[in-house]
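Here are some exercises to work through with the model open beside you. Try each task on your own before you read its solution.

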Amino acid sequence: MPSPSHAAVDRVASALAGHGLAPEIVWFDDAVTTAPLAAEALGVEVGQIANSLVFTIDDEPILVLTSGSHRVDTEWLGQQLGGVIRRASKETVKEATGQVIGGVAPLGHPAPVRTVVDVQLADYPAVWAAAGHAKTVFPTSFDELVRITGGTPSAVEPPPASQ
């Protein structure tokens, strides 16, 4: 049976191919819009899920790819990046990425989006990211995420000693 098709997923696959990658895009029967749901569906640790969270920093969209095992400390990360981070509206997410919340991929956007890649993802040899639709994911690695997004590796919360 052929894989389903969706315009946003096709753009992600094309963007991956543009980086010399052709990972299998996994389609689920049901949406996996949270890291725990995706991890359960894949049989992997929740930390291996690369959540794609869109925020704004000084009114410009920023994509934060964070390990599913923890949350982004927006106040701390904003200080590290020299701005104020706020959660983006669903309209801003769609405009910046061409994708909807729950299925935002690290790439395949209409234009490049400033990206931060959580260094905690480096703890895993394989990580899974959304592929443009809430029912899709693809396998990759921390190094590949940094490379294909042009992202900046960074912690997304303060080190334990300073919390």
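**Exercise 1.** Find where Asp 59 is located, state the sign of its phi, and decide whether it is buried or exposed. Then do the same for Asp 58.

*Solution.* Step one: Asp 59 sits in the loop between β2 and β3; strands here are DSSP runs of E with at least two residues, helices are runs of H or I with at least four, and both are numbered from the N terminus. This is a predicted model, in which local features need pLDDT of at least 70, side-chain atom pairs count only at pLDDT 80 or more, and totals for chains, interfaces and linings use all residues. Residues are numbered from 1 along each chain as its sequence is written, and side-chain values use heavy atoms, with hydrogens and water left out.

Step two: the phi of Asp 59 is positive, near 70 degrees. Most residues other than glycine have a negative phi.

Step three: Asp 59 has a relative accessible area of 67%, so it is exposed (buried means under 20%, exposed over 50%, partly exposed in between, with a 1.4 Å probe and protein chains only).

Step four: Asp 58 belongs to the loop between β2 (49–57) and β3. Its phi is also positive, about 50 degrees, although Asp 58 is not a glycine. With 48% relative accessibility, Asp 58 counts as partly exposed.

**Exercise 2.** Which strands does β5 pair with, and in what sense?

*Solution.* Begin with the strand itself: β5 covers residues 114–118, and four of its five residues are buried. Next, look for partners (two strands pair if DSSP finds at least two bridges between them). Strand β3 (residues 60–67) runs parallel to β5 over four bridges, and Ile 62 stands opposite Arg 114. Strand β8 (residues 152–154) is also parallel to β5, with three bridges; there Val 117 has Pro 153 as its bridge partner.

**Exercise 3.** Work out which residues of β6 are buried on each side, then trace its pairing with β2 and β7.

*Solution.* On one side of β6 (residues 127–130) Val 127 and Ala 129 are buried, and on the other Trp 128 and Ala 130 are buried, so both faces are covered. Now the pairing: β2 joins β6 in the parallel sense over two bridges, with Ala 50 opposite Ala 129. Strand β7 (residues 136–140) is antiparallel to β6, over four bridges, and Thr 140 is the bridge partner of Val 127. Finally, the hairpin of β6 and β7 has five residues between the strands, and in it Gly 132 takes a positive phi near 105 degrees.

**Exercise 4.** What is the volume of the largest pocket, and which element gives the most to its lining?

*Solution.* The volume is about 650 Å³. (On a 1 Å grid over the protein atoms alone, a pocket is an open set of points where a 1.4 Å probe fits, with protein on both sides within 12 Å along at least five of seven lines; lining residues have an atom within 4 Å of a point. A volume is the space filled by probe spheres set on the points.) Of its 33 lining residues, Thr 33, Asn 51, Ser 52, Leu 53 and Arg 87 are the closest to the centre. The elements giving two or more residues are α2 (35–42), β2, β6 and β7. The most comes from β2, with seven residues.
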